[in-house]
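Please open the model in your viewer and keep the selection panel at hand. The tour below goes from one selection to the next and says what is found at each.

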Amino acid sequence: MQAGKPILYSYFRSSCSWRVRIALALKSIDYETIPVNLLKDGGQQFSKEFQALNPMKQVPALKIDGITIGQSLAIIEYLEETRPTPRLLPRDPKKRASVRMISDLIAGGIQPLQNLSILKEVGQEKQLAWAQKAISSGFNALEQILQSTAGKYCVGDEVSMADLCLVPQVANAERFKVDLTLYPTISRINKSLLALEAFQVSHPCRQPDTPPELRA
């Protein structure tokens, strides 16, 4: 492994890992991936080795500049502060607040409610209905907010941290068969973002640990 090369502990399907992969791609940061399979061996995130890296036993974790950071938004903000080009947080404080609001809405108000650990607690039979309700409830609010903040992307016409949160969450919504025709603004922005190279190379279907049957 190249000295000083950042190392991302990631799972191909983890939406939180995908957010960070998009940021790394947008900022042209070369990095090494160490896959952490959340299903294999009862969940590799529960191993002693990984717990030493991230006591929360979650992906992503990024080793960079001699430190290890967990929590996707904290990682993205660190990358923004140390490698500010291209900018993922707008200069304008009001727009910046909108970006953070949308990011937090998804990262704190939607994704954790339909996360693997919660679905296990809910039980097999109720998982789909639970996830659909959690995502739909959040998307109802998000669609309304985006109608006042969006340009081409979530906040105006520049890609921001909010967009890095949106695309993986829409992919989760599709996996859980949420009716996205109810969310035209979310769908339009998602389509525009998926046309960008950084969102394609970071996609779950193109990761080192993507199973062969899911590769594209």
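What are the percentages of helix and strand over residues 92-212, and how far apart are the end C-alpha atoms? Select that stretch in this predicted model: the chain there is 64% helix and 0% strand, and its end C-alpha atoms lie 44 Å apart. An unreviewed UniProt entry places the feature "domain: GST C-terminal" at these residues, 92-212.

Next select residues 4-87, which the UniProt annotation, again from an unreviewed entry, labels "domain: GST N-terminal". Over this stretch the chain is 35% helix and 19% strand, and the end C-alpha atoms are 23 Å apart.

**The two domains**

Now colour the chain by its division into domain 1 (8-86) and domain 2 (93-199). The C-alpha centres of domain 1 and domain 2 are 20 Å apart, and where the domains meet, 14 residues of domain 1 are in contact with 18 residues of domain 2.

**The nonpolar cores**

Select Phe139, Leu142 and Leu166, which have the most contacts inside the largest nonpolar core, a set of 49 residues. Among the elements that each supply at least two residues of this core are helix 1 (15-26), strand 3 (61-64), helix 4 (93-109) and helix 6 (127-149). Helix 7 provides the largest share of this core, with eight residues. Because domain 1 (8-86) and domain 2 (93-199) both give residues to this core, the core lies between them. In soluble globular proteins, nonpolar side chains tend to be buried together.

Stay with Phe139 and show its surroundings: leaving aside neighbours within four places in sequence, Phe139 is in contact with Ile110, Gln169, Val170, Ala173, Leu180, Tyr183 and Ile186. Apart from the largest core lies another, of nine residues, and to find it you can select Tyr9, Phe12, Leu38 and Val59, which are among its members.

**The largest pocket**

Turn next to the largest pocket, which holds about 820 Å³ of space. Of the 32 residues that line this pocket, those closest to its centre are Leu38, Gln111, Asn115, Leu116 and Ser117. Helix 1, helix 3, helix 5 (116-122) and helix 7 each supply at least two residues of the lining, and helix 5 gives the most, with five residues.

**Backbone details**

Finally, show the backbone alone. Most residues other than glycine have a negative phi, and most peptide bonds are trans; the remaining stops concern places that depart from this.

Select Val59 and Pro60, which are joined by a cis peptide bond with omega about 5 degrees; Pro60 sits in the loop between helix 2 (48-53) and strand 3. Then move to Thr85 and Pro86, where the peptide bond from Thr85 to Pro86 is also cis, with omega near -10 degrees, and where Pro86 is found in the loop between helix 3 and helix 4.

Which value does phi take at Ser28? Phi of Ser28 is near 55 degrees, a positive value in a residue other than glycine, and Ser28 belongs to the loop between helix 1 and strand 2 (32-35). Ser28 is exposed, with a relative accessible area of 66%. The last selection is Asp65, which has a positive phi of about 55 degrees although it is not a glycine. Asp65 is placed in the loop between strand 3 and strand 4 (67-70), and, with a relative accessible area of 46%, Asp65 is partly exposed.

Note on methods. Residues are numbered from 1 along each chain as its sequence is written. This is a predicted model: local features need pLDDT of at least 70, side-chain atom pairs count only at pLDDT 80 or more; totals for chains, interfaces and linings use all residues. Side-chain values use heavy atoms; hydrogens and water are left out. UniProt positions are given in the numbering used here, feature names are shortened, and annotations may be inferred rather than shown by experiment. Helices (H or I, at least four residues) and strands (E, at least two) are DSSP runs, numbered from the N terminus. A nonpolar core is a set of buried Ala, Val, Leu, Ile, Met, Phe, Trp, Tyr and Cys residues joined through side-chain atoms within 4.5 Å. Buried means under 20% relative accessible area, exposed over 50%, partly exposed in between (1.4 Å probe, protein chains only). Domain bounds come from an automatic or database domain assignment. Contact means heavy atoms within 4.5 Å. On a 1 Å grid over the protein atoms alone, a cavity is a set of points where a 1.4 Å probe fits but cannot get out, and a pocket is an open set with protein on both sides within 12 Å along at least five of seven lines; lining residues have an atom within 4 Å of a point. Grid points are joined across faces, edges and corners, and a volume is the space filled by probe spheres set on the points.
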